[in-house]
Amino acid sequence: MTGAPRRIWGLMYRHLALYRRSWPRLLELTYWPVLGMCIWGFTATFLSRRLGAGAAVTVSALLGGVLLWEVCLRSQMGVTISFLEELWSRNLGHVFVSPLRPWELVAALISMSVIRMLVGVAPAIALAWGFYAFNVFALGPVLVLFFVNLMIMGWSVALAVVSMILRHGSGAEPLAWSVLFGLAPFSAVFYPINVLPAAVRPIALALPSAHVFEGMRGILLDGVIRWDHLSWAFGLNAIWLGVATMIFARQFHQARVRGALLSIGE
Amino acid sequence: MNQPPNNVIEVHGLVKRYGEVLAVDGIDFAATAGATVGLLGGNGAGKTTTIAMLLGLLLPTSGSIHVLGHDMLRDRFAALARMNFSSPYVSLPQRLTVRENLRVYGHLYNVRHTDERIAELSAELDLGALLDRPAGQLSAGQKTRVALAKSLINRPELLLLDEPTASLDPDTGDLVRGWLERYRGETGCTILLASHNMAEVERLCSHVLMMKQGRVVDRGSPQDLLDRYGRDDLEEVFLDIARDRRSASRPGVHQDTVPA
């Protein structure tokens, strides 16, 4: 392996070695998805018992929403936390004076985000199947497209957050944990978009995630694959990722103008 | 402008302004292959800013920088692969072992046979007992040796060192200087060294750039500077310049190119 793939692997190796030596970090990857699934799983069990068999499909949609939202959230946090690890270890100066290109840095962060997401969500998927009789793979092959869209949206938000950290330094760190939760009400994770007030529906329709969750409910509630929503999700993701990339490129350039790559984190 | 082919560093009219603050004020210098150039000056003189611009971490307000024949404003990655940097103010990941840290940088610098290179550096810098220890558990002197190993991992043709022996005891500092001399002797590497240790500069540097308030206010070999200021050591010359105590007895040799 040489050139760009090797440099990308170099940065991934740095993070994988870190996880090998830090069990709290490894535990943290699975802790929140499993905790979330426990809470929503018991809630779903309670609702099933109160409302009877007719609620089973709705309950499935609830658990599907929990799992797929974690895919988006963990993908976003996978990029931002990996970037923050470099900042916390005061290693960015060495990374940025190596031949690693900015796009290779992003590629490494995204690759780590995929690994972190899979490690984090897999136990929650197993828990949903084993304890709450919800098999997310019953969504069929289209599940892969849902995953892809939610991951891309997570990466777009993450690039914007990393840009804010480059711009504002450590003060922007809390965005890594909080920003996606601000989009959750508009993402229609647990309810259809038409439940939202008419005034905020345009916001929901501009989010790739809202189309993914509409698509998921289409399969679980109506047995229909909503290709229209999937197409919207892909189209919007192209725009989101394009805009996020431009913001990142701009802020990276500005960081080199201001000298922030030297002082970031202080 | 045609660049002389053997100039490893070529800087012209370099300016860095942060709003109203002029951190670097139009400096010019060049260094030929094999030269060791000392960048001296008080805190805030512009040394670190100059090094950051040479590394591409910081964009100049104006001026040009060519390193190893590459324009750092347009083609910095080609040069970055052939140079390296060490500073006590930039850390390596603390939880990774020394070996893992060196492997990371072996990958980032595309070093062939990384593990063999780590073994070589381990023998040269006496890192054998440290290789499998987390970087965060090392003493200051051990960290400096590891940082030096990281900066030599790609056999750089140009080494930028920001206070490489800061906070080291005299013994370790002397060992580090010895390693740098040996590496330079074996490879013909060019070294740019920012330091507050005047004895270190006198020992290592073939040429010195004295910086003050963002400008190069004097330059020459350590002996030239001692002769011109009529002093016995560079520390006195440094103080003369920093405090405007005494001028050089004759004008400095303002040659822009630093010979090896």
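A salt bridge here is a side-chain nitrogen of Lys or Arg within 4 Å of a carboxyl oxygen of Asp or Glu. By that rule, A:Arg20, A:Arg21 and B:Glu100 are linked in a network of salt bridges. The model is predicted, and the report starts from this network and the interface around it.

## The interface of chain B and chain A

Two salt bridges are found across the interface of chain B and chain A. In one of them B:Glu100 pairs with A:Arg20, with the closest N and O atoms 2.6 Å apart. Polar contacts across the interface number 15 residue pairs, with both residues at pLDDT 80 or more. On the side of chain B that touches chain A, the elements giving two or more residues are β1 (7–18), α2 (76–80) and α3 (98–108) of chain B. Of these, α3(B) gives the most, with seven residues. By class, this side of chain B has 22 nonpolar, seven polar and seven charged residues.

The contact takes 36 residues from chain B and 37 residues from chain A. The size of an interface is often given as the accessible area lost when the parts come together. For chain B and chain A the buried area is about 3,300 Å², and carbon and sulfur atoms give 59% of it.

## Chain A as a whole

Chain A has eleven helices and zero strands. Its radius of gyration is 19 Å, close to the 18 Å that the globule rule gives for 266 residues, so chain A is as compact as a globular protein of that length. The C-alpha trace of chain A spans about 60 × 40 × 35 Å along its principal axes. Buried residues make up 53% of the 266 residues in chain A. Among contacts in chain A between residues at least 6 apart in sequence, 78% join residues at least 24 apart.

## Salt bridges within chain B

Over all chains the structure holds 24 salt bridges. Side chains of opposite charge can pair when their charged atoms come close. Three pairs within chain B are listed here.

| Pair | Closest N to O distance |
|---|---|
| B:Asp25 and B:Arg215 | 2.7 Å |
| B:Arg82 and B:Glu157 | 2.8 Å |
| B:Glu236 and B:Arg231 | 3.5 Å |

B:Asp25 in strand β2 (residues 21–32) and B:Arg215 in strand β10 of chain B form a salt bridge that links distant parts of the chain, 190 residues apart. B:Asp25 is partly exposed, at 21% relative accessible area, and B:Arg215 is partly exposed at 48%.

The salt bridge of B:Arg82 with B:Glu157 joins two loops. B:Arg82 lies in the loop between α2 and β6 (83–86) of chain B and B:Glu157 in the loop between α5 (140–152) and β7 of chain B, so the pair ties together parts that are 75 residues apart in sequence. B:Arg82 is partly exposed at 30% relative accessibility, as is B:Glu157 at 36%. In the third pair, B:Glu236 is partly exposed, with 26% relative accessibility.

## Helices of chain B

In helix α9 (residues 234–242) of chain B, the buried residues are B:Leu234, B:Val237, B:Phe238, B:Leu239, B:Asp240 and B:Ile241. The buried residues of α9(B) pack against β3 (36–41), α7 (198–204), β9, β10 and α8 (222–229) of chain B. At the start of α9(B), a side-chain oxygen of B:Asp233 comes within 3.1 Å of the backbone nitrogen of B:Glu235.

B:Thr50 lies in helix α1 (residues 47–54) of chain B and counts as buried because its relative accessibility is 0%. Apart from neighbours within four places in sequence, B:Thr50 is in contact with B:Val24, B:Ile27, B:Phe29, B:Leu39 and B:Met211.

B:Gly173, in helix α6 of chain B, is buried, with a relative accessible area of 2%. Beyond four places in sequence, B:Gly173 is in contact with B:Thr165 and B:Leu168.

## Positive phi in chain B

Most residues other than glycine have a negative phi, and most peptide bonds are trans. B:Glu163 has a positive phi near 50 degrees; this residue lies in the loop between β7 (158–162) and α6 (170–187) of chain B and is buried, at 16% relative accessible area. B:Gln213 also has a positive phi near 50 degrees. B:Gln213 is in the loop between β9 (207–212) and β10 (215–220) of chain B and counts as exposed, at 64% relative accessibility. Just after α9(B), B:Asp244 takes a positive phi of about 50 degrees.

How values were computed. Residues are numbered from 1 along each chain as its sequence is written. Chains are lettered from A and ligands numbered from 1 in the order in which they are written. This is a predicted model: local features need pLDDT of at least 70, side-chain atom pairs count only at pLDDT 80 or more; totals for chains, interfaces and linings use all residues. Side-chain values use heavy atoms; hydrogens and water are left out. Contact means heavy atoms within 4.5 Å. Buried area is the accessible area (1.4 Å probe) that two parts lose on being put together, summed over both. A polar contact is a pair of N or O atoms within 3.5 Å; within protein, one must be able to donate a hydrogen and the other to accept it, and residues adjacent in sequence count only if both atoms are side-chain atoms. Helices (H or I, at least four residues) and strands (E, at least two) are DSSP runs, numbered from the N terminus. Ala, Val, Leu, Ile, Met, Phe, Trp, Tyr, Cys and Pro count as nonpolar, Asp, Glu, Lys and Arg as charged, and the others, Gly among them, as polar. Buried means under 20% relative accessible area, exposed over 50%, partly exposed in between (1.4 Å probe, protein chains only). The radius of gyration is taken over C-alpha atoms; the globule rule is 2.2 Å times the number of residues to the power 0.38.
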